[in-house]
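Please open the model in your viewer and keep the sequence panel beside it. The stops below are meant to be followed in order, each beginning with a selection to make.

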Amino acid sequence: MSDKENGQGMSRRQFLTYTLMGTGAFMAAGILTPMLRFAVDPALKRTSSAGKVEVGKVDDFGPDYKLVKFKVKIKDGWHEEEAEKSAYIRNKDGKILALSPICKHLGCQVQWNTSPDRPNHFYCPCHNGFYDENGINVPGTPPQAPLDEYEVEVKDGKLLLSLTPKPRGGA
Amino acid sequence: MFRRIYQWLDERLNIGPLWRDLADHEVPEHVNPAHHFSAFVYCFGGLTFFITVIQILSGMFLTMYYVPDILNAYQSVKYLQNEVAFGVIVRGMHHWGASLVIVMMFLHTLRVFFTGAYKSPREMNWVVGMLLFFVMLGLGFTGYLLPWDQKAYWATQVGVKIAGSVPLIGPYIETFLKGGDVLGAQTLARFFAIHVFFLPGVLLALMGVHFILIRRQGISGPL
Amino acid sequence: MAGRHEKDVEYVGDSRVIKRRGGPLTPPDYTEFPGKTEPFYPNFLLKEWMIAVVSLVAFLVLTMAHPSPLEAPANPNDTSYTPLPDWYFFFLYQLLKYEYTSGPYTVVGTILIPGLAFAALLLAPWLDRGPKRRPKDRPVATSLMLLALAAIVFLTWAAVDEHQKHMASQGGGSGAPTVEVSPDAPEGEKIWAKQTTCQGCHGVDLKGSGFAPSLEHVGSNLSQEQIVDIIKNGKGQMPPGQFQGSEEELQKLAEWLAQKK
């Protein structure tokens with residue numbers, strides 16, 4: 001590879017090699033940049049989760065949790081569909097809490113107050129996970145984070161939820 | 001660093017001869033556009049290969065979004081072209097490249113023909129080249145259907161009927177291409193498979209033979 | 001270690017083989033060619049890459065300047081569509097339109113002529129066996145190829161020409177029938193003009209065809225809500241989900257249709 005003729009400057013062969021590498025890099029960039037950006041586009045695209053969905057009247061909800069199912073329009077690329085989602089909602093002491101029933105451990109559906117071991121807890125039957133009545137995970141059980149929470153809004157006596165639940169810190 | 005890796009590999013595999021054969025072979029003056037401008041006609045083969053590489057790459061990336069299903073094919077193409085970043089360019093590369101590769105291959109074939117380069121001892125490579133041409137046309141035909149727009153549907157309808165006009169076996173070919181009695185979901189799925197797996201496989205194999213033969217036999221001499 | 005391979009490292013130079021005529025295989029060198037030769041890497045490759053760079057830039061500019069075409073979604077019921085294959089199949093397509101290549105002679109156009117042409121090309125090295133390589137020293141091969149080229153150019157041109165005349169007589173631009181709408185037409189009418197799938201059965205002018213009813217007075221039977229429902233879910237022979245556009249556009253279209261009394 002190294003055929004420097006007299007030790008100073010660069011040889012013709014080296015110059016040609018560098019020029020080859022330069023133009024080669026240019027062509028590779030020209031071809032691959034659009035393709036790579038194209039490939040990773042979903043990762044960089046901001047998903048719009050704006051908007052609210054109505055789930056019922058505020059008066060329907062009492063201090064005990066109630067499971068409601070509601071439909072959300074989902075845009076998956078070119079495919080739009082209505083997906084069914086659900087939330088545990090309670091209205092206690094004038095504060096409305098809407099929790100996603102998806103267990104933070106492995107994504108099973110949690111149930112309210114069905115385990116005799118711990119009454120008034122969310123119970124995940126898959127791996128015996130527990131969350132307390134505020135949806136905070138009980139230490140020592142599999143889940144490592146509290147249940148996700150929907151943003152709530154009250155409008156004309158109707159309860160609106162955000163389209164996607166947000167994770168909460170804590171525990 | 002690279003030198004050490006290279007030496008380590010070379011000690012074990014003696015890879016020097018492999019690449020030196022490619023790198024050091026002498027290129028005669030009569031094919032070198034730097035010496036005779038008219039020698040640019042010898043570039044068409046290389047450009048065909050270059051665009052083929054672009055076709056393979058852009059095709060691989062397109063399948064990240066494309067869905068070969070009659071309900072979604074059109075929507076996915078529309079989506080990847082209009083909503084995905086650089087979609088216009090990546091689909092454009094594949095769409096226009098398909099035409100360009102045919103043009104380049106055509107010019108390359110004409111160059112070989114008019115310089116009589118297919119004559120003994122290079123007959124086999126000419127035959128391989130003709131088969132490559134045929135495979136490329138097949139890729140063009142099967143790829144045309146995939147966006148599932150009006151043009152694709154009706155042009156394929158005609159193409160399939162032409163195949164069906166072959167005496168005796170025509171109807172069987174037609175059913176095989178359609179994957180059933182109607183041009184529909186099954187046709188799209190099998191055209192996709194042929195376009196993406198079968199023909200490219202054949203193409204790569206033939207290209208390998210094409211390049212090995214030209215390396216073994218060298219380029220034909222000046223006229 | 002390295003010494004083991006010393007005797008076969010002498011690969012510098014060319015490794016062409018010519019047909020063996022007895023004797024051992026000896027790689028010939030390029031001294032048989034006049035003029036200057038140069039190594040493939042890096043000298044010649046660089047020249048090839050310069051050409052590749054120019055081609056690539058031109059190619060990228062093309063892809064950006066001209067987005068790839070995408071017409072309306074395939075509609076198997078639209079029998080008025082005039083198909084065209086990719087341009088490099090034009091000459092084959094056009095060939096089928098002549099008297100002795102169509103009707104009872106279709107086989108001539110679809111199999112015989114293309115088959116003979118391809119076979120002749122495939123077997124060219126054995127049909128054109130003389131040692132001479134210059135085009136003018138092998139008049140038969142050269143003139144046949146020129147003739148074939150002229151035929152391909154002519155047929156391609158004829159296909160384009162005929163298609164354009166056909167389109168002009170149809171009054172349509174891109175094949176699918178489209179309606180001329182004035183810019184101040186109602187929103188719903190503009191939306192209807194884009195619904196080639198609907199027009200395939202109900203007609204561009206709402207007159208209907210076959211099993212698809214006329215929509216000219218649809219508003220006297222159906223309300224806006226009922227129309228929306230039928231468009232979404234289909235009815236009888238009508239498949240669901242044919243509408244192309246947003247929910248809002250669908251409502252506007254239904255509103256416009258409901259006013260047709």
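The tour goes from the contacts between chains to a sheet, a set of salt bridges and a single proline. Please bear in mind throughout that this is a predicted model.

**Stop 1: chain C against chain B**

Select chains B and C together and display the residues in contact, which number 78 on chain C and 84 on chain B. The two chains bury about 7,900 Å² between them, and carbon and sulfur atoms account for 67% of that area. On the chain C side, pick out C:Phe59, C:Leu70 and C:Arg133, the residues that lose the most area to chain B, although together they make up 9% of what that side buries.

Next, turn to the polar part of this interface, where 33 residue pairs are in polar contact, counting pairs with both residues at pLDDT 80 or more. Colouring chain C by secondary structure helps here, since the elements that each give two or more residues to the side touching chain B are strand 1 (38–39), helix 1 (40–65), helix 3 (106–122), helix 4 (124–127) and helix 5 (139–170). Helix 1 of chain C gives the most to that side, with 13 residues. Sorted by class, the chain C side comprises 47 nonpolar, 15 polar and 16 charged residues.

How many salt bridges cross the interface of chain C and chain B? The rule finds 1, and selecting B:Lys119 and C:Asp128 will show it, with the closest N and O atoms 3.1 Å apart.

Before leaving these chains, select strand 1 of chain B, residues 26–27, which pairs with strand 1 of chain C in the antiparallel sense over 2 bridges. Within this pairing, B:Val27 has C:Glu38 as its bridge partner.

**Stop 2: chain B against chain A**

Now hide chain C and bring up chain A, where 19 residues are in contact with 25 residues of chain B. The area buried between chain B and chain A is about 1,900 Å², with 76% of it given by carbon and sulfur atoms. Select B:Phe61, B:Tyr65 and B:Tyr79, which supply 29% of the area that chain B buries against chain A, more than any other three residues.

The count of salt bridges between chain B and chain A is 0, and the rule finds 1 residue pair in polar contact, again with both residues at pLDDT 80 or more. On chain B, helix 2 (16–24), helix 3 (44–62), helix 4 (73–82) and helix 5 (87–114) each supply at least two residues of the side that touches chain A; helix 3 of chain B gives the most, with 6 residues. That side of chain B has 17 nonpolar, 5 polar and 3 charged residues.

**Stop 3: a sheet in chain A**

Stay with chain A and select strands 5, 6 and 7, which form an open sheet in the order 5-6-7 with antiparallel pairing. Strand 5 (111–112) and strand 7 (129–131) stand at the edges with a single partner strand each, so one side of each has no neighbour in the sheet. Strand 6, residues 122–124, is joined to strand 7 by 3 bridges, and A:Phe122 stands opposite A:Tyr131 of strand 7.

**Stop 4: salt bridges in chain A**

Over all chains the count comes to 18 salt bridges. Begin with A:Arg90 and A:Glu133, whose side chains meet at 3.4 Å, N to O; A:Arg90 is in strand 3 (residues 79–92) and A:Glu133 in the loop between strand 7 and strand 8 (152–155), 43 residues apart. Is A:Arg90 buried or exposed? At 8% relative accessibility A:Arg90 counts as buried, whereas A:Glu133 is partly exposed at 29%.

Add A:Lys92 to the selection, which forms a salt bridge with A:Glu133 at 3.3 Å between the closest N and O atoms. A:Lys92 also lies in strand 3, so this pair ties together parts 41 residues apart in sequence.

Then move to A:Glu151 and A:Lys166, whose side chains meet in a salt bridge at 2.5 Å, N to O.

**Stop 5: a proline in chain B**

Finally, select B:Pro171 in helix 8 (residues 170–178) of chain B, which at 46% relative accessibility counts as partly exposed. Leaving aside neighbours within four places in sequence, B:Pro171 is in contact with B:Gly164 and B:Val166.

Note on methods
Residues are numbered from 1 along each chain as its sequence is written. Chains are lettered from A and ligands numbered from 1 in the order in which they are written. This is a predicted model: local features need pLDDT of at least 70, side-chain atom pairs count only at pLDDT 80 or more; totals for chains, interfaces and linings use all residues. Side-chain values use heavy atoms; hydrogens and water are left out. Contact means heavy atoms within 4.5 Å. Buried area is the accessible area (1.4 Å probe) that two parts lose on being put together, summed over both. A salt bridge is a side-chain nitrogen of Lys or Arg within 4 Å of a carboxyl oxygen of Asp or Glu. A polar contact is a pair of N or O atoms within 3.5 Å; within protein, one must be able to donate a hydrogen and the other to accept it, and residues adjacent in sequence count only if both atoms are side-chain atoms. Helices (H or I, at least four residues) and strands (E, at least two) are DSSP runs, numbered from the N terminus. Ala, Val, Leu, Ile, Met, Phe, Trp, Tyr, Cys and Pro count as nonpolar, Asp, Glu, Lys and Arg as charged, and the others, Gly among them, as polar. Two strands pair if DSSP finds at least two bridges between them. Buried means under 20% relative accessible area, exposed over 50%, partly exposed in between (1.4 Å probe, protein chains only).
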